[in-house]
Amino acid sequence: MDFYHQAGLAALGSRLRRLAELLGQQSRGAYPLYGVAIDPRWFPVFYYLAGRPASTISEVAAGIGQTQPAVSQVVRSLEAAGLVARSSEAGDGRKSLLTLTTEGAALVPRLEEQCTDASEALRHLLGDAGADLLNLLSRVEDGLSAEDLLSRMQRERRARRLAGMRLTTFDERYQPAFRQLNLEWIEQHWTPEAADFEALDDPFGKILDPGGYIVMALDGDCPVGTCALIPRVASEREFELAKMCVSERCKGLGVGEQLGRAVIAEAHRRGAMALYLETNRKLVPAIALYRKLGFQEIAAQSSPYQRANVFMRLELTHDDEGRSTIN
């Protein structure tokens with residue numbers, strides 16, 4: 001038991017299987033005690049068929065939460081023991097209906113007595129343990145139906161990973177990472193263009209010195225993402241959201257959304273009237289993120305990038321105190 005205490009909830013599935021095996025081993029002697037000559041492994045299928053009209057294998061499987069192949073294997077054993085009979089459904093010879101035979105039905109009253117005594121014994125056991133286990137199990141099963149364990153683990157992984165990350169403003173230490181992160185992203189889909197290298201090779205001259213802003217996402221001290229806010233020449237109060245990229249090892253954690261919101265917040269602080277961005281139709285997750293951030297598609301614009309074929313804009317308005325808000 002030391003292992004299970006040490007592993008805690010991470011070994012819950014293994015511990016439940018161990019408990020099921022222990023209960024199965026300790027109850028195995030009850031079947032001959034009550035004169036019920038069935039293998040304990042047959043119990044769920046046999047008990048489901050007891051007192052029910054003829055059922056198909058798929059109905060039994062759904063009813064007891066087992067796979068159809070597993071149920072079929074048990075049914076074959078029950079047939080061999082003479083406890084279950086199979087017949088064709090009227091009007092559909094392809095479907096088999098399962099019923100207890102006369103010999104199988106004769107076992108049901110004795111099995112009911114066994115179940116009654118087992119329930120009482122377990123009720124006292126659980127009472128001594130101070131646990132309403134059946135209610136707890138039902139609530140756990142309902143919770144897993146609402147959201148499966150893998151989804152819950154993915155959410156926890158995302159929260160844990162994000163807890164170790166932080167955003168920081170750009171400085172010269174991050175220039176190599178800013179360039180490399182962007183080139184890695186571009187080269188996944190296209191060949192870098194001349195316009196790419198203008199900003200990536202000189203972020204100070206092309207982005208920061210003209211009044212722009214760059215934010216970096218750090219995992220510990222390692223840069224894993226970036227995004228820039230670039231003034232648009234045609235407007236003093238309009239900026240372009242650009243150079244957003246996230247390292248492959250951090251995709252799916254919400255880093256891109258954090259970067260986007262940080263850049264939008266900076267645009268708010270600067271009293272921007274609108275944000276603009278260019279992207280490509282094949283970047284479906286990116287477009288979904290931009291829409292989540294409030295951007296809407298606009299008509300095609302002139303662009304220095306050949307790959308740009310989607311253009312989006314986020315309108316900002318300002319309250320009476322000059323604070324910007326998303327329109």
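Me: Contact means heavy atoms within 4.5 Å. Leaving aside its neighbours within four places in sequence, which residues is Thr226 in contact with?

Reply: The model is a predicted one. With neighbours within four places in sequence set aside, Thr226 is in contact with Phe178, Asn182, Ile214, Val215, Met216, Lys243, Met244, Cys245 and Leu259. Thr226 itself belongs to strand 5.

Me: Is Thr226 buried or exposed?

Reply: A residue is called buried when its relative accessible area is under 20%. Thr226 has 0% relative accessibility and therefore counts as buried.

Me: Which backbone oxygen lies 3.0 Å from a polar atom of the side chain of Thr226?

Reply: That oxygen belongs to Val215. Val215 is also listed among the contacts of Thr226.

Me: Asn182 appears in the list for Thr226. Where is the place of Asn182, and why does Asn182 count as buried?

Reply: Asn182 sits in helix 10. Asn182 counts as buried because its relative accessibility is 2%. A polar atom of the Asn182 side chain is 2.9 Å from the backbone oxygen of Phe178. Beyond its neighbours within four places in sequence, Asn182 is in contact with Leu200, Thr226, Lys243 and Cys245.

Me: Lys243 is in contact with Thr226 and with Asn182. What is the phi of Lys243 near?

Reply: The phi of Lys243 is near 60 degrees, which is a positive value in a residue other than glycine. Lys243 is part of strand 6. At 12% relative accessibility, Lys243 also counts as buried.

Me: By way of contrast, where does Ala62 lie, and does it count as buried or exposed?

Reply: The term exposed applies over 50% relative accessible area. Ala62, in helix 5 (residues 57-64), has 66% and so counts as exposed. The C-alpha atom of Ala62 is 28 Å from that of Leu126, a residue 64 places away along the chain.

Me: How should one read a nonpolar core, and which members of the largest one touch the most other members?

Reply: In soluble globular proteins, nonpolar side chains tend to be buried together. Here the largest nonpolar core has 32 residues, and Leu241, Val255, Leu275 and Phe295 touch the most other members. Two or more residues of this core come from each of strand 4 (213-219), strand 5 (222-231), strand 6 (238-246), helix 13 (255-269), strand 7 (274-279), helix 14 (284-292) and strand 9 (310-318). The greatest contribution is the six residues from helix 13. A second, separate core holds 26 residues, including Tyr34, Val71, Leu107 and Cys115.

Me: Which residues is Phe295 in contact with, leaving aside its neighbours within four places in sequence?

Reply: Phe295 is in contact with Leu241, Ile264, Leu275, Tyr276, Leu277, Tyr290, Met312, Arg313 and Leu314.

Me: How much space lies in the second largest pocket, and which residues of its lining are the closest to its centre?

Reply: A pocket may be read through its volume and its lining. The second largest pocket has about 820 Å³ of space. It is lined by 37 residues, and those closest to its centre are Trp185, Met244, Cys245, Ala286 and Tyr290.

Me: Which elements supply at least two residues of that lining, and how do the residues of the lining divide?

Reply: The elements are helix 10 (175-189), strand 6, helix 13, strand 7 and helix 14. Strand 6 provides the largest share, with seven residues. The lining of this second largest pocket consists of 19 nonpolar, eight polar and ten charged residues.

How values were computed:
Residues numbered from 1 in each chain as written. Predicted model: local features only at pLDDT ≥ 70, side-chain atom pairs only at ≥ 80, totals over all residues. Heavy atoms only, no water. Core = buried A, V, L, I, M, F, W, Y, C linked by side-chain atoms within 4.5 Å. Buried < 20%, exposed > 50% of the residue type's maximum accessible area, 1.4 Å probe, protein only. Helix = DSSP H or I, 4+ residues; strand = E, 2+ residues; numbered from the N terminus. 1 Å grid on protein atoms, 1.4 Å probe; cavity = no way out; pocket = protein on both sides within 12 Å on 5 of 7 lines; lining within 4 Å. Points joined across faces, edges and corners; volume = space filled by probe spheres on them. Nonpolar A, V, L, I, M, F, W, Y, C, P; charged D, E, K, R; others polar. Polar contact = N/O pair within 3.5 Å; in protein donor to acceptor, adjacent residues only side chain to side chain.
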